[in-house]
Amino acid sequence: MRQHLAILTDNKPGVLTHVAGLISRRAINIECINAGYTEEPDVTRINIIVTVENREALDQAVNQLARLIDVIKVINLDDRPFIGCELAMIKVKYTHTSQREELANMAALFHAKVVDVQLNSLILQVAGKEDRIEALLRMLNEYEILEIARTGQISLSRGDVPVKNM
């Protein structure tokens, strides 16, 4: 089962390594991990998507994470409503201007943006749920995809209570 964790930590070197190491030592698969700034400059938010066999193993890992010195808060977002989003950039090769127009039209269907156009390639930027990005990639299979970069999902709980107050 997939679970989404939001972890608030002190903004210090090595914290991400400690968090990832603890999870992997518990034999929990990390599907996606990303970290970034928050509304507080000395706090980092780590979003992790994990796959676990059972909830008990995850709960044990969450309890251990919460005991790390630099960890402020650990919340399993699957326990409440949340919104998730991913960003992908896709570089696609084309040979004719008609293909470039087809790609631009396809991008519009998926609310993607063409952010760069070169002589024989363009870069699409799309943000949204994972299934929308996967659907766009399936549509692009008939073209030559040169490169893909994906952020992985980031998530926020719904409502007016931030993770730090949960």
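1. A residue counts as buried when its relative accessible area is under 20%, and by that criterion 37% of the 166 residues of the protein chain are buried. The coordinates under discussion are those of a predicted model, and the points below should be read with that in mind.

2. On overall architecture, the protein chain contains 4 helices and 9 strands, and these elements follow one another along the sequence in the pattern β-α-β-β-α-β-β-α-β-β-α-β-β. Taken along the principal axes, the C-alpha atoms of the protein chain fill a box of roughly 60 × 35 × 30 Å. Among contacts in the protein chain with a separation of 6 or more, 74% are accounted for by residues 24 or more positions apart.

3. As regards the surface and the charges, the protein chain exposes about 9700 Å², of which carbon and sulfur atoms supply 52%. The protein chain carries 19 positive and 22 negative charges, and the mean positions of these two sets lie 3 Å apart.

4. An open sheet is formed by 4 strands in the order 2-3-1-4, with antiparallel pairing. Its edges are strand 2 (29–37) and strand 4 (71–76), each of which pairs on one side only. From one strand to the next, the twist averages 15 degrees.

5. Within this sheet, the pairing of strand 2 with strand 3 (residues 43–51) can be described in further detail: the two strands run antiparallel and are joined by 8 bridges. Isoleucine 30 stands opposite valine 50, the latter belonging to strand 3. Helix 2 (residues 55–67) packs on the sheet, where it touches strand 1 (2–10), strand 3 and strand 4, and the direction of helix 2 makes about 160 degrees with that of strand 4.

6. A single residue, serine 121, deserves a separate comment. Serine 121 is found in strand 7, which spans residues 121–128. Is this serine 121 buried or exposed? Serine 121 has a relative accessible area of 13%, and it is therefore classed as buried, since the cut-off for that class is under 20%. When residues up to four places away in sequence are not counted, serine 121 touches Lys91, Val92, Lys93, Tyr94, Asp116 and Leu146.

Conventions
Residues numbered from 1 in each chain as written. Predicted model: local features only at pLDDT ≥ 70, side-chain atom pairs only at ≥ 80, totals over all residues. Heavy atoms only, no water. Buried < 20%, exposed > 50% of the residue type's maximum accessible area, 1.4 Å probe, protein only. Contact = heavy atoms within 4.5 Å. Areas by Shrake-Rupley, 256 points an atom, 1.4 Å probe, with all protein chains shown as cover. Lys, Arg positive; Asp, Glu negative; His and termini not counted. Charge placed at Lys NZ, Arg CZ, Asp CG, Glu CD. Pairing = 2+ DSSP bridges. Axes fitted to C-alpha atoms, helices over the stretch in contact; angles between N-to-C directions.
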